[in-house]
Amino acid sequence: MNIIHKVTWKGMWKNRTRTLVTIFSVVMSAAMFMAVITGAYSLWNYSVQEQVAQGGDFFVQFDYASEEDTVNLKEEANVRYVVDVGILGCYRYVNEETGISRTYRVGAVNELFWEKMGLLLSEGRLPKNSSEVLVPERLCELLGISVGDTVTLEMFNYMEKETTLPIITEQAYREFQTTYTIVGTMEEQNFLLLSEEVFQWAADTLITLKDGSEGEAVWHRLYAKTEQPGQAGELAEREYGEKVYLNQRLLNLYGLTEHANANWMILLMAIVAILIVMVAAVNPISNAFTVSVAERTKQFGLLSSIGQTKKQIRQSVLFEAVVICGVAIPIGLLIGYGTMAVIFMFWGSEGVDIFKSIVHDVEGNTVLKTTVSWPIVMIAIAVCIVTVLISAWIPARRASRLTPMEAIRQSEDIRSISKLARVGKLSQHRLGLPAVLAKKYYHVSRRTYRATTVALSVGLILFISTNYLTACYNMMADAMHTDSYDFYTEAQWQVDPFEYKEAIKMAPGIADAVVGFETRKDIIIPYTAYSEEWRNEVVSIEREDPNAGWKVTWISVAFIEDEVYEKALREAGINPEPYLRGEIAATTMTSNSLSLKTPEGERVSKKYYGSKWAEGAAIQVLSQDVFRVPEELVSKDWKNRQDSYEVNDQGQVILKAQNMELTEDGQVIEQVAYFLLEITEGETSNQRNYCYYIYDNETGERGELLLTTSAEVELLRTGACLDERPFGISVTAGIILPLSLLEEKGWKTESDRYSVMLKAENYKEALKSLDKYMEKYGGTGLWDEVEESQTARNMTAIIRIIANSIVLLITLTSAVNVFNVISANLALRRRDFAMLRSMGMPNRGIDRMLVIEGIIYGSRALIWSIPIGLMICYGIYRTYRVYYVMTVGFPWQTVLSGIVVVFLIVLVSIFSVMRKMHKDNVIDAIRMENL
């Protein structure tokens, strides 16, 4: 250790208070950085693991692949691994009493399947060879079999003559028997589902192990994971098999959604969050070293006077920075990690019911745990070190430029000016000499308080922006859970729904019940029926003029008991009479999403929360299925036809009829026809003409007219929009009508049943009692809406708590930073205060002078921070609206709270320092040595 380092070390030890304050600032910053990135990464990692457990660890799924496709896919350069499920054939279970059949696939998997696909065993073990099999629980119940039994399955391959599937294979149709030993049962697995089942094959699959003796596979399903998530899209474009699907739910967690605007929003929000955290962490470190070097300025002057060079001064400061880094950063990282570990342990404890369903797996093991990404930790360490070194280098460079006399006199911040600050006579009269001194001191020594003003400004900017960011997320989270009931059930055919409601309403734990009915109707709706916000955000993408034209879509119409409907309207201050007669229909707040393509071909999606339908719009409810291609236009030989439709950029409805046939020699023939549907007004106001034309999908040209039909349509005129959903109305409902009009409209078929919605007073008690009451009074089916949304609600609650914790942490860090800066700057002025006291100024006068100074630089900070904070809030708002469309008001409350916090921190800092200085000896303070 050379002489410079020894002097620095002794100086740090002698001025332990200053050194500890600097270390504390670095520890706080490193702890906040570590806590934020650890919490965020842990939640992200949990979400990924949860999705992997539910849907498998893969990015791309290829269906109907051949053996050659399997080999070639494994040889792809960017493919990390391939999970192979070879479909050996099918087994069909037929219920002899009802005649209803259910088809099960039998698949042979490679060893990698057990590791990567998150299989959930209900009982038993995994197969060890191709003679052992895992069987779905449902099939075991149907066949009356269990683990340990041997079963012989009458199987067939997919080339059954009456079945048409898009499979490329050389196998001819055959039937065969296979004997398996059941070694385990399993739950239904999401990753075994086809994204598009051509003929609605059952999702259940029996699984055996691929060992070479399992037999020839009819086709393969391949699950591939690329080295990088971003390579999944490129791999999906390869020609492996007949169909390809992206594991979009997993890719979403990597910020690779199928919607261009969502990806852009995720990127922008990540950048905003990173910048906020970095500024919150970097600013305290920078200010701490600025103050630390300012306190040592006189020391540098004395050392310079005896021969210390500028380079040695810089080395001294940098050495101090390195020592502080070595001590503070590890402590800060451990504190940050430990804080998140304790929080997650608390959330995972058995006593916290709200988190049980999300932090425990089926065996009760804690899943949500603190997870560290070492690359991210290394980045955090690097950021802290670089910040410390830069924060030390800048003031050290400034100090090294001072002459020894300037450094000893500490006059570098006192500017010589020709015109002093003027203080108004009213201020002099009301506030006296303290106000004059405060303003003049601030005028000549602005540089001294620049760090204080910056610290206050940055703290308030962070406070406003992080609170607004959290408010946006909280509003989005609240909008996602708007069901107005906890359970719903249905009455059996022979049971009157109203009698059933009154009976089940008496179940323990049930607070209320209501009878309702919900149906989905195809509609023609004018664009003007949508809110102006909706049209400005989305319709402009589909149409150049958002105020003209119509849209073909569907809407969910809910019928609710007249009494409940009337009560909801009266509570909203609406006259219920025309609504009960059906002349107009109430609407509900829109909470859904809309996907479409831009003219550039990019797929975008908008999620709407709190958007309203326009009042007085005429919605045309279609009385026939006009979106299905008429039988007259399609060949009668098309036995396996599927119809679909879409609306193009010009608002035209394009119908698509598709048929797939299998020839005798095993070749698949795909037949597709397109038609253009134009809807015009008929002879009466309630009549519409449906004109079907030949359509060229490649050129977009309309051909000759093929068919014209007409039908009556029913008009629904929208009324007031209810801000709160009436009891019994689901989240999907858009239109509400009285239940008494259901029979009149004829929208209920014989197969449709009324629903009884229930609101629980005691959820657990109601859940236990409902099964008995349903069985006793003729109910069927119980849908638990609370359980369905509980996981999402819990995850939302966790993220919300973490977001609010981050806001609190950033606020505390900024407050400590401001407190340290103000305290240090005031400590440097102890000599000035002592001189004022020696000239007769009382402590009360000095306190008043400092309070006025605090108001001055606090106000200066507000002038800069509030506009910048609001601009950042607006940027966050616009970023959110790239994907989420919701209304977030001006953050008045946050701004006002920030102003109060700023002046509170200033006053607390001032009086905490001055309380100690009041006890100073005047002579000692004037002779003060900062060594």
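A residue counts as buried when its relative accessible area is under 20%, as exposed when that area is over 50%, and as partly exposed in between. In this predicted model, Leu246 has a relative accessible area of 36%, so Leu246 falls in the partly exposed class. Leu246 sits in strand β10, which covers residues 243-246. Leaving aside residues up to four places away in sequence, Leu246 touches Phe59, Val60, Ala232, Ala236 and Leu251. As for Ala224, 22 residues separate it from Leu246 in sequence, and the two C-alpha atoms lie 9.8 Å apart in space.

Stepping back to the whole protein chain, 51% of its 931 residues count as buried. The secondary structure adds up to 27 helices and 27 strands. Contacts reaching along the sequence were looked at too: taking those between residues at least 6 apart, 77% join residues at least 24 apart.

Further along the chain comes strand β21, made of residues 687-696, and this strand is mostly covered, with 7 of its 10 residues buried. Its partner is strand β22, residues 701-712, and the two pair in the antiparallel sense over 9 bridges. One of the residues involved is Gln687, whose bridge partner in β22 is Glu712. The hairpin of β21 and β22 has 4 residues between the strands, and there Gly700 takes a positive phi near 75 degrees. As a general point, side chains in a regular strand alternate between the two faces of the sheet.

Cysteines deserve a quick word here. Cys691 has a relative accessible area of 11%, which is under 20%, so Cys691 is buried. Cys721 comes out at 18% relative accessibility and therefore also counts as buried. A disulfide calls for a pair of cysteine sulfur atoms within 2.5 Å, and by this rule the count comes to 0 disulfides.

Last up is a pair of helices, α24 (residues 830-838) and α25 (residues 843-880). Their axes come within 10 Å and cross at roughly 135 degrees. The contact is made by Phe833, Leu836 and Arg837 on the α24 side, and by Asn843, Ile846, Met849 and Leu850 on the α25 side. Angles over 145 degrees count as roughly antiparallel and those from 65 to 115 as roughly perpendicular; the crossing of α24 and α25 fits neither class, so the two helices are oblique to each other. As for handedness, α24 passes α25 in a right-handed crossing.

Terms used:
Residues are numbered from 1 along each chain as its sequence is written. This is a predicted model: local features need pLDDT of at least 70, side-chain atom pairs count only at pLDDT 80 or more; totals for chains, interfaces and linings use all residues. Side-chain values use heavy atoms; hydrogens and water are left out. Buried means under 20% relative accessible area, exposed over 50%, partly exposed in between (1.4 Å probe, protein chains only). Two strands pair if DSSP finds at least two bridges between them. Axes are lines fitted to C-alpha atoms, for helices over the stretch in contact, and angles run from 0 to 180 degrees between N-to-C directions. Angles under 35 degrees count as roughly parallel, over 145 as roughly antiparallel, 65 to 115 as roughly perpendicular and the rest as oblique. A crossing is left-handed if the near helix is turned anticlockwise from the far one by less than a right angle, and right-handed if clockwise. Contact means heavy atoms within 4.5 Å.
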